[in-house]
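Morning, everyone. I will take a few minutes on strand pairing in one model, so please have the viewer open.

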Amino acid sequence: KGELRMQSLTFDDAGMYQCIAENAYGIIYANAELKIVASPPTFEFNPMKKKILAAKGGRVIIECKPKAAPKPKFSWSKGTELLVNGSRIRIWDDGSLEIINVTKLDEGRYTCFAENNRGKANSTGVLEMTEATRITLAPLNVDVTVGENATMQCIASHDPTLDLTFIWSLNGFVIDFEKEHEHYERNVMV
């Protein structure tokens, strides 16, 4: 195949590599640069969110994405408690922390620790629980004669500290009320 494999790379392996393919009719060249990257974990370019919101009874994923080479090992803590994989908590291979069936007890300061053979770093965010958004009155199926008007209702309950937006779609495509104002009308009840 003309494949070159290298194992246990060091900084000395960095440089320009050239592949030469040759037969009775001629010769061609291709070049590629190999860069060797090594750096301790840093959250400078992608810090953890300072405030993470999670819906009561829902699922939340807290991302931990430091820049590091080689790939770091990850661990998490809530306050001073070290977290381990369990029935509700899972640490993903990419460093993200997943919590399911979120409760009020899950609120608090979460810290992600990243460590490789070059060093270590951590980043912290605060998880806050909100009331889950629920549809309390869903649209109903409607049979309408051609040429008549139809009204569909959707009412939802939500956490009072958050804004709520209703988005309507038709067959999977979001309705643009500004462009289609002659056909669709949005009535917002407060």
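I will go through the annotated domain, then a small sheet, then the pairings of another strand. Keep in mind that this is a predicted model.

The domain comes from the record: UniProt, in an unreviewed entry, places an Ig-like domain at residues 41-128. Over that stretch the chain is 53% strand and 0% helix. The C-alpha atoms at its two ends are 27 Å apart.

Now the small sheet. Three strands make up an open sheet, ordered S5-S10-S9, with antiparallel pairing. Its edges are strand S5, residues 60-62, and strand S9, residues 89-91, each of which pairs on one side only. On average, neighbouring strands here are turned by 15° against each other, with direction ignored. S5 pairs with strand S10, residues 97-99, over three bridges, in the antiparallel sense. If you want a spot to click on, Ile 61 stands opposite Glu 98 in S10.

Next, strand S12, residues 119-130. In which sense does S12 pair with strand S4, residues 51-55? The answer is parallel, over five bridges. Within that pairing, Ala 54 has Met 129 in S12 as its bridge partner.

S12 also pairs with strand S11, residues 108-116. These two run antiparallel and are joined by nine bridges. Thr 111 is bridged to Thr 124 in S12. How many residues does the hairpin from S11 to S12 pass through? Two.

To recap S12: it is parallel to S4 and antiparallel to S11. As a general reminder, strands of a sheet pair through backbone hydrogen bonds, in either sense. That is all from me.

Conventions. Residues are numbered from 1 along each chain as its sequence is written. This is a predicted model: local features need pLDDT of at least 70, side-chain atom pairs count only at pLDDT 80 or more; totals for chains, interfaces and linings use all residues. Side-chain values use heavy atoms; hydrogens and water are left out. UniProt positions are given in the numbering used here, feature names are shortened, and annotations may be inferred rather than shown by experiment. Helices (H or I, at least four residues) and strands (E, at least two) are DSSP runs, numbered from the N terminus. Two strands pair if DSSP finds at least two bridges between them. Axes are lines fitted to C-alpha atoms, for helices over the stretch in contact, and angles run from 0 to 180 degrees between N-to-C directions.
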